[in-house]
Amino acid sequence: MTEKANAHIFVCTNKTEPECLGRMLFGTSKLYAADVLSVKSGDLLFLLNVNSDVLYGIFRAKSDGRQNIVPEAWKGKYPYQVEVEPIGNVQAVKDAKKALQKSGVEWHKPLSASMAERLLTSFSYEDSEYLKETKEKWGLLTPQKVNNRQTSFAKAIGELEEKPPFEATTLWDYPRQRYGKTPKGNNKYPGVTPAFIIWNMIQRYTEPGDLVLDPMCGSGTTADVCKEERREVICYDISPTRPDIMQNDSRKIPLPDNHVDMIFVDSPYGDNIRYNENLDCIGKISSETETFYEELDKVMSECHRVLKSGKVIGWLIGDQWVKKKFTPVGFKVYQRLSKYFETVDIICVVRRGQASHTGLWYNRARRFNFFLRGFKYLFIMRKPSEEPEKQEKRAVKWAFYERNRSKVNSS
Ligand SMILES: C[S@@+](CC[C@H](N)C(=O)[O-])C[C@H]1O[C@@H](n2cnc3c(N)ncnc32)[C@H](O)[C@@H]1O
């Protein structure tokens, strides 16, 4: 069977266009790294100049998307790159944004097969021998398919694998546990982590090929996300659910010092969930006791030891309200984490899919004057660098604002 091709739009400006077309190389920053790394040789590509509003096409990816194919291109500003070749002569479609709109394309979002197909009608690709050749390769111009080109094209261009949003704020909210076509962990596992969280962590704090550790990996969400994003991964759990997760108590991690590039932990939040029958499961200890935090402290100490200096750990945790008693589990865990790590940021993740998120519980919460848990914390912490940070000289620019004295006096 012929492998399906995908279609992608790359974006350039007046400044970056000459290098794109001159080098036959498209590039982006880390922000779109995941999209570029998903480009496979043979995919259909377009180039949109957002300044001149021109869409160039049609191109074919000559290489897979990779980092630093030409490190010096765009002075290293756009290191996620793909080599391209034109299919026939490069054509320029003016009023590109209108053409895109007509095709139902939002250029910053993934391009579906039907969008790509509509977009192709903006180009006179019938004349292009090269495209004919490509299409023939895809089995598109076989006589029985010529009359039905629309559908055969849609079949040949696979729907793009959905990727999570690259988060920009400290509030993350996911209606589902997983994205894309393949499972990420097991969404039936008690306390399974939304895969979107792990995806965002590794996009921000790792590069392809980096080594990620999850010492309490449960159903393997971290393993699946990392493998798909081409990160190396080591997963442990006290009670492994599948062969690629090793049995280990995370209070002692069998790895050398300064070994991993990122750690993700979604630990038990107390004894609210029954994960397994293993007596060493920290999820059997109540978060109302100090023991719970002392045991998690041992995990933190080990995480600190195996993490490389300057690298990041993400720790997901939620508070508890049980039998009329509130326990600020998040604050207590944060206090312990702060002994080992410095804070990068704190994310608020909306809690969904909770057993208590039913009409009955909402009613109870209002009648008996308590709140259901609506969010979790994701603590993003960094192991301090061994080298003292260089203090860059800051040139302070003062802005002076005219003060409206009459207003000030009258208020
Ligand atoms: C919230 S779940 C993790 C969910 C996981 N991220 C996923 O997406 O499936 C917490 C996990 O910690 C594990 N765990 C509890 N105590 C542990 C220990 N001492 N060492 C290693 N894992 C432990 C439990 O078995 C459980 O799978």
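This is a guided tour of the structure, stop by stop, with a selection to make at each one.

**The whole chain**

Begin with everything displayed, bearing in mind that this is a predicted model. Coloured by secondary structure, the protein shows 13 helices and 16 strands. Of its 411 residues, 36% count as buried, and among the contacts with a separation of 6 or more, 67% join residues that stand 24 or more positions apart.

**The ligand**

Select the ligand next, together with the 27 residues around it, of which Gly191, Met216, Gly218, Ser219 and Thr221 come nearest. Coloured by class, this shell divides into 11 nonpolar, 11 polar and 5 charged residues.

**The largest nonpolar core**

Now select Ile202, Met262, Ile263, Ile313 and Trp315, which have the most contacts inside the largest nonpolar core, a set of 48 residues. Helix H8, residues 195-205, gives the most to this core, contributing 8 residues. A second core, separate from this one and made up of 37 residues, includes Leu44, Phe46, Tyr56 and Ala73.

Stay with helix H8 for a moment: it is mostly covered, with 10 of its 11 residues buried. Among those buried residues are Phe196, Ile198, Trp199 and Ile202, and the polar side chains Asn200 and Gln203 are on the list as well.

Then centre the view on Trp315, whose contacts, leaving aside neighbours within four places in sequence, are Val265, Ser267, Val333, Leu337, Phe379 and Met381. Two of these partners, Val333 and Leu337, are buried residues of helix H11, a helix to which the tour returns below.

**Helix H10**

Select residues 290-306, which form helix H10; its 17 residues should span 24 Å at 1.5 Å a residue, and the end C-alpha atoms are 25 Å apart, which agrees. Which residues of H10 are buried? They are Phe292, Leu296, Val299, Met300, Glu302, Cys303 and Val306. Because these residues cover an arc of only 165 degrees around the axis, they lie on the same side of H10. Turning to the other side of H10, one finds Glu290, Thr291 and Glu294 exposed. To see what covers the buried residues, add strand E8 (211-214), strand E11 (260-266), strand E12 (307-317) and helix H11 (329-340), which are included in that cover.

**Helix H11**

Helix H11 has 12 residues and reaches 18 Å from its first C-alpha to its last, close to the 16 Å expected at 1.5 Å a residue. Its buried residues are Val329, Gly330, Val333 and Leu337. Seen down the axis of H11, they fall within an arc of 90 degrees, so they line one face of the helix. On the other side of H11, Phe331, Gln335 and Lys339 are exposed. The cover over the buried residues of H11 includes H10 and E12, along with strand E13 (320-322), strand E14 (325-327) and strand E16 (375-382).

**A loop residue, Ile69**

For the last stop, select Ile69, in the loop between strand E5 (66-67) and strand E6 (80-93). Is Ile69 buried or partly exposed? Ile69 counts as partly exposed, because it has 19 C-beta neighbours inside 10 Å, whereas a buried residue needs 20 or more. Not counting residues up to four places away in sequence, Ile69 touches Leu25, Ser63, Gln81 and Glu83. A distance drawn from Ile69 to Val82, C-alpha to C-alpha, comes to 7.3 Å, although the two are 13 residues apart in sequence.

Conventions
Residues are numbered from 1 along each chain as its sequence is written. This is a predicted model: local features need pLDDT of at least 70, side-chain atom pairs count only at pLDDT 80 or more; totals for chains, interfaces and linings use all residues. Helices (H or I, at least four residues) and strands (E, at least two) are DSSP runs, numbered from the N terminus. The expected span of a helix is 1.5 Å times one less than its number of residues. A residue is buried if 20 or more other C-beta atoms lie within 10 Å of its own, exposed if 12 or fewer, and partly exposed in between; C-beta atoms are placed from the backbone. The arc is that of the directions from the helix axis to the C-beta atoms. Two residues are in contact if their C-beta atoms, placed from the backbone, lie within 7 Å. A residue is near a molecule or strand if its C-beta atom, placed from the backbone, lies within 6 Å of it. A nonpolar core is a set of buried Ala, Val, Leu, Ile, Met, Phe, Trp, Tyr and Cys residues joined through C-beta atoms within 7 Å.
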